[in-house]
Amino acid sequence: MALTPLVYWAQRHKEIYLRVELTDAQNIDVLVLENVLRFRARGHGAKGLNEYCFSLEFLSPVKPEVSYKSTQRQVNITVRKEQHGWWDRLTVQERKPVFLAPDFDRWLDESDAEMENREKDEKRNRLRAAKHEEEGFVSLKMGYLFMYNLVQFLGFSWIFVNMTVRLFIFGQDSLYDTFHTISDVMFFCQILASVEVLNAAFGVVKTGVVPPLIQVVGRNFILFIIFGSLEEMHHRPVVFFVFYLWSAIEIVRYPFYMLGCFNTEWKTLTWLRYTIWIPLYPLGVLAEAVAVIQSIPIFYETKRFSIPVPKVFGTSINFCYILHIYLVLMFLGLFINFRHLYKQRKRRFRTKKRKAN
Ligand SMILES: CCCCCCCCCCCCC[C@@H](O)CC(=O)SCCNC(=O)CCNC(=O)[C@H](O)C(C)(C)COP(=O)(O)OP(=O)(O)OC[C@H]1O[C@@H](n2cnc3c(N)ncnc32)[C@H](O)[C@@H]1OP(=O)(O)O
């Protein structure tokens with residue numbers, strides 16, 4: 001014959017909790033029909049291993065769907081009230097069934113339950129507000145990044161297209177006046193590119209600070225010190241090669257970032273972004289190194305940027321010695337960024353492959 005297990009109960013405004021004292025319960029059958037909950041299971045109760053069952057007719061209407069969870073020690077049942085509210089007792093009959101007792105572990109009186117509800121609501125509202133704020137911040141960040149990348153893309157596209165068209169029209173002659181035709185836009189784009197170091201430093205984009213710092217310092221050194229400050233360099237073809245190599249990568253990199261702002265990607269563009277640096281970066285550094293080497297005799301003769309030193313060491317340190325050190329730094333910078341880009345490439349294509357599997 002089936003026995004009755006001990007059942008503990010507690011309520012909230014929306015739910016009823018029942019805890020059935022049965023260990024290792026099996027063949028659990030719980031259902032709610034016309035406001036009556038029927039329970040049957042086999043397990044270890046007060047009378048040892050046996051078949052246990054009970055039924056309860058609730059005081060007010062409840063939803064027919066019932067959820068339960070069996071643990072090693074008990075079966076926890078949750079029934080949802082049809083209408084939110086507080087019940088005076090659990091069952092229709094005024095006399096409490098003998099197997100039923102309050103679950104003091106979960107017991108709350110009405111005002112405490114209201115307080116709990118209020119706290120839950122407040123927490124939910126806080127989370128919702130935080131999510132709203134975060135969404136606002138994310139869209140602001142994406143808007144800003146998109147605009148930044150768009151401006152850079154337009155700038156570098158203008159440079160690249162202009163240089164290509166001039167090369168076709170004027171042939172070799174175009175190599176000699178690149179600085180005069182292009183440098184204003186290049187100055188603008190490269191000054192603006194300093195923002196990339198700040199983006200990395202303030203976590204606006206997920207990358208280290210050192211690679212963009214090397215990139216920005218490296219390029220601006222060539223642009224401002226080697227080309228900008230020496231008129232003798234303005235008509236050298238090396239300016240063409242440096243500017244062309246710089247802009248060749250940027251007309252791919254910035255649209256790649258622009259698509260990224262919309263969580264979109266175009267596979268060919270991604271492949272290009274993470275591949276064409278392999279020939280372009282060493283070529284770019286080589287072109288920059290040629291520019292530095294060509295500028296050394298000019299700095300030597302003109303003594304421009306010479307650093308005055310105390311008389312015991314001589315009169316000044318010629319800037320061309322600094323350039324020798326810079327040449328070494330350039331190859332160190334090339335090594336650091338080449339390794340960084342190689343890692344980024346591997347990470348990118350590995351993630352893609354894993355996603356595809
Ligand atoms: C400490 C000072 C020392 C000074 C020493 C001076 C030494 C000088 C050495 C100079 C060597 C420089 C030579 C160089 O000028 C030569 C050339 O440029 S030649 C032309 C070829 N060049 C290139 O190919 C390099 C192009 N540049 C770059 O790739 C970047 O500038 C670089 C910093 C090198 C790498 O970029 P990053 O670290 O950002 O990698 P990712 O592109 O993979 O981006 C990582 C994630 O961040 C997201 N991100 C980054 N930027 C943006 C952005 N503007 N908008 C939106 N999102 C961005 C990107 O999407 C990645 O996110 P996820 O992984 O989620 O996709």
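In this predicted model, strands β4 (residues 36–45) and β5 (residues 48–57) run antiparallel to one another and pair over 10 bridges. Elsewhere in the chain, the UniProt entry, which is unreviewed, lists several stretches under "transmembrane region", and a shell of 34 residues surrounds the ligand.

**The β4–β5 hairpin**
- Strands β4 and β5 make up a hairpin in which two residues lie between the strands.
- Within this pairing, G43 is placed opposite N50, a residue of β5.

**Segments listed as transmembrane**
- According to the unreviewed UniProt entry, the residues listed for "transmembrane region" are 145–165, 185–205, 212–230, 236–256, 276–300 and 312–338.
- The span 145–165 is 100% helix and 0% strand in the model, and its end C-alpha atoms are 30 Å apart.
- For residues 276–300, helix accounts for 96% of the span and strand for 0%, with a separation of 36 Å between the end C-alpha atoms.

**The shell around the ligand**
- Among the 34 residues around the ligand, those that come nearest are T207, G218, W277, G284 and G333.
- At least two residues of this shell come from each of the helices α1 (110–170), α4 (210–228), α5 (237–261), α7 (277–302) and α8 (319–356).
- Helix α4 gives the most to the shell, supplying eight residues.
- By residue class, the shell around the ligand consists of 21 nonpolar, nine polar and four charged residues.

Note on methods: Residues numbered from 1 in each chain as written. Predicted model: local features only at pLDDT ≥ 70, side-chain atom pairs only at ≥ 80, totals over all residues. UniProt positions renumbered as here; feature names shortened; annotations may be inferred. Helix = DSSP H or I, 4+ residues; strand = E, 2+ residues; numbered from the N terminus. Pairing = 2+ DSSP bridges. Near = placed C-beta within 6 Å. Nonpolar A, V, L, I, M, F, W, Y, C, P; charged D, E, K, R; others polar.
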